[in-house]
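Welcome, and please open the structure in your viewer. We will go from stop to stop, selecting a few residues at a time.

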Amino acid sequence: MRRRNFMTVLAGAAAYPLLARAQQKPMPVIAFLNIGSPGPNAPFVAAFHQGLSETGYVAGQNVAIEYRWAEGSYDRLPGLAADLVGRNVDVIVTGGTPGIQAAKAASATIPIVFLGGGDPVTAGLVASLARPGGNLTGVSFMSTQLMPKRLELLSELVPQAGVIALLVNPNNPAAERIMRDVQEAARARGVQLDILKAGTEGEINTTFASQVQRQAGALVVSADPFFNSQREELVALASRHAVPAIYEWREFAEAGGLISYGPSLTAANRLVGSYAGRILSGAKPADLPVQQPTTFELVVNLKTANALGLTVPPSILARADEVIE
């Protein structure tokens, strides 16, 4: 009898580690849904990981991350979002209006942390910036509001340009508003606006050739996640066709673009990572206010300006946060 009791104790002790492991909470999973491609977004993914680590989460150690890339095809987003929701992820991280809309349509319960360029209140994503109230929160750039400012800066830099082209992605839900706002800014500056549309890499090449034929003197590249994923190609085409262009993110100017004006995408991705970590730790998206950038970076590439035969006005140089020489 004593031996049977001893064997029972031994069997229970051997089974305990297995039982403990079975009762451990599984590693949480973050879904990372992106409109673009991995390569161009590598610096921003790194910033996201940094923000996540600041809340105590390290990928592969105590959190898993499922990546889905639409490779610039907006119509793939709903299917990718549905796939991630089907995997019972704990948080969805996404950016750009199409990505946010796809995630929101896929789940009304899974927390969603977004990085967006539009007004989330007007778009019906959140009840208010201070108290989102639902399962979404994140960072809003209000990028469309900055588009007229970019046209003004470009007109100041290239005053001889009587015609300025605007490159928009027709697949972007904010395209109509962008065109309307920039058109008003063009009228105020006394310049003609020529609208070019491109939603694929092939169309981008075609629009640059078209701009040369139309003799537009400068180009405003609108705020769009797809364009950001194509920044190397856009900068190369602008250089090849000798087109002075302004972009949203500093990464364009660093890649050889003439000038950029906008918030820090790196800082925003870091904040998104922080928000995802806070939600994993128990915070509710309904209670986390939507953040907005308070500073905007003006970056000028003097090397590119010289190659284009442009003299950057002192008024722009004095306002620049960084001048690349």
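## First stop: asparagine 34

Asparagine 34 counts as buried because its relative accessibility is 16%, and the cut-off for buried is under 20%. Select asparagine 34 and you will find yourself in strand β1. Please keep in mind that this is a predicted model.

Now add glycine 36 to your selection. A polar atom of the asparagine 34 side chain lies 2.7 Å from the backbone nitrogen of glycine 36. Which residues does asparagine 34 touch, leaving out those up to four places away in sequence? Show Asn41, Arg68, Trp69, Ala70 and Leu77 to see them.

## Step back: the whole chain

Zoom out for a moment. The chain holds 13 helices and twelve strands, and its C-alpha trace spans about 100 × 40 × 35 Å along the principal axes. Of the 325 residues, 51% count as buried.

Colour the chain by charge next. You will find 26 positive and 26 negative side chains, with the centres of the two sets 12 Å apart. If you turn on the surface, the exposed area is about 14,800 Å², and carbon and sulfur atoms supply 52% of it.

How do the contacts run along the sequence? Taking contacts between residues at least 6 apart, 71% join residues at least 24 apart.

## Second stop: helix α3

Leu77, one of the residues touched by asparagine 34, leads us onward. Select residues 77-86, which form helix α3. The buried residues here are Leu77, Leu80, Ala81, Leu84 and Val85. They lie on the same side of α3, because they cover an arc of only 135° around the axis. An α-helix has 3.6 residues a turn, so residues three or four places apart point the same way.

What do the buried residues of α3 pack against? Show strands β1 (29-34), β2 (64-69) and β3 (91-95), together with helix α4 (97-106), to see these partners. Then move on to asparagine 88, which follows α3 and has a positive phi, near 55°.

## Third stop: threonine 144

Jump to helix α5, residues 143-157, and select threonine 144 within it. Is threonine 144 buried or exposed? Threonine 144 is buried, with a relative accessible area of 6%. Add isoleucine 178 and draw a distance between the two C-alpha atoms: they are 5.9 Å apart in space, although 34 residues separate them in sequence.

## Fourth stop: leucine 196

Strand β7 covers residues 192-197, and leucine 196 has its place there. Leucine 196 counts as buried, at 4% relative accessibility.

Select threonine 207 as well. Threonine 207 is eleven residues from leucine 196 along the chain, and their C-alpha atoms are separated by 6.2 Å. Not counting residues up to four places away in sequence, leucine 196 touches the run of Ala165, Leu166, Leu167 and Val168, and also Thr207, Ser210, Gln211, Arg214 and Leu219.

## Last stop: helix α9

Finish by selecting residues 231-240, helix α9. Colour Arg231, Leu234, Val235, Leu237 and Ala238, which are buried. Look down the axis: these buried residues fall within an arc of 160°, so they line one face of the helix.

Turn α9 around and pick out Glu232, Ser239 and Arg240, which are exposed on the other side. Just one more click: alanine 242 follows α9, and its phi is positive, near 55°.

Terms used. Residues numbered from 1 in each chain as written. Predicted model: local features only at pLDDT ≥ 70, side-chain atom pairs only at ≥ 80, totals over all residues. Heavy atoms only, no water. Helix = DSSP H or I, 4+ residues; strand = E, 2+ residues; numbered from the N terminus. Buried < 20%, exposed > 50% of the residue type's maximum accessible area, 1.4 Å probe, protein only. Contact = heavy atoms within 4.5 Å. Areas by Shrake-Rupley, 256 points an atom, 1.4 Å probe, with all protein chains shown as cover. Lys, Arg positive; Asp, Glu negative; His and termini not counted. Charge placed at Lys NZ, Arg CZ, Asp CG, Glu CD. Arc of directions from axis to C-beta. Polar contact = N/O pair within 3.5 Å; in protein donor to acceptor, adjacent residues only side chain to side chain.
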